[in-house]
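Welcome! Here are some short exercises to work through with the structure on your screen, each followed by a worked solution.

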Amino acid sequence: MSDLVKFLHARLNESERVERGKFKFKPFQVICPTCGERVESFGMQSGDNRTEFQPCGHIMSNAEFSERFCDPAPDSFTLADIESKRRIVDEYEASVRAVGEGLSKTLERILRLLAQPYANDPDYLEEWRP
Ligand SMILES: [Zn+2]
């Protein structure tokens, strides 16, 4: 497997992980599990990974907050887009296996184009620039 193929699989797996980690708030009244008081607002602080309820001020981890009060909300178009790109990479690999790298130049160019949005990634190689 070429470095470009590994790079693309890694980026696509990352994108899928991010998308599957998206949650949306369930629109209902939130009751603080610590004190039983109705929560009027809450602040999620990604830096210290916790959610603070107002007005009571109790704290919950963002992970627990997501689990209790949110539904998974991956975007189906984004997941389909990732899967489509993954299949293009698979097609390239199948082509290299069948006819060798020299005859897969068009697919290789397509792979380089797929990698272009990740050009700022530290693992991106300048030689991949289309
Ligand atoms: Zn509370």
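**Exercise 1. Find out how α1 and α3 are oriented relative to each other.**

Start with the result: α1 and α3 are roughly antiparallel to each other, because angles over 145 degrees count as roughly antiparallel, those under 35 as roughly parallel, 65 to 115 as roughly perpendicular and the rest as oblique. The angle behind this is about 165 degrees, and the axes of α1 and helix α3 (residues 76-99) lie 10 Å apart. Axes here are lines fitted to C-alpha atoms, for helices over the stretch in contact, and angles run from 0 to 180 degrees between N-to-C directions. Helices (H or I, at least four residues) and strands (E, at least two) are DSSP runs, numbered from the N terminus.

Next, look at the residues that meet, where contact means C-beta atoms, placed from the backbone, within 7 Å. On the α1 side they include Val5, Leu8 and Leu12, and on the α3 side Leu79, Ile82 and Val89 are among them. By class, this contact has 7 nonpolar, 3 polar and 5 charged residues. In this scheme Ala, Val, Leu, Ile, Met, Phe, Trp, Tyr, Cys and Pro are nonpolar, Asp, Glu, Lys and Arg charged, and the others, Gly among them, polar.

**Exercise 2. Judge how far the model can be trusted.**

This is a predicted model, in which local features need pLDDT of at least 70, side-chain atom pairs count only at pLDDT 80 or more, and totals for chains, interfaces and linings use all residues. Residues are numbered from 1 along each chain as its sequence is written. The score pLDDT is the predictor's confidence in each residue, from 0 to 100. For the protein chain it averages 89, and 95% of the residues score at least 70. Among the elements, helix α1 (residues 3-20) has the highest mean, 95, and strand β2 (residues 41-45) the lowest, 79.

**Exercise 3. Work out how α4 packs against α3 and α1.**

Take α3 first: its axis and that of helix α4 (residues 105-115) come within 10 Å and cross at roughly 150 degrees. That makes α3 roughly antiparallel to α4. Ile88, Val89 and Tyr92 of α3 are among the residues meeting α4, whose own partners include Leu107 and Ile110. The contact divides into 7 nonpolar, 1 polar and 3 charged residues.

Now turn to α1, which packs against α4 at about 40 degrees, with axes 10 Å apart. That makes α1 oblique to α4. Leu4, Phe7 and Leu8 in α1 meet Leu111, Leu114 and Ala115 in α4. Here there are 6 nonpolar residues, with no polar and no charged ones.

**Exercise 4. Locate the domains and the cis peptide bond.**

An automatic or database domain assignment gives domain 1 (3-19 + 75-128) and domain 2 (23-72). Their centres, taken over C-alpha atoms, are 38 Å apart. The cis bond runs from Gln54 to Pro55, with omega near 10 degrees. Pro55 sits in the loop between β3 (50-54) and β4 (59-61).

Note on methods. Contact = placed C-beta atoms within 7 Å.
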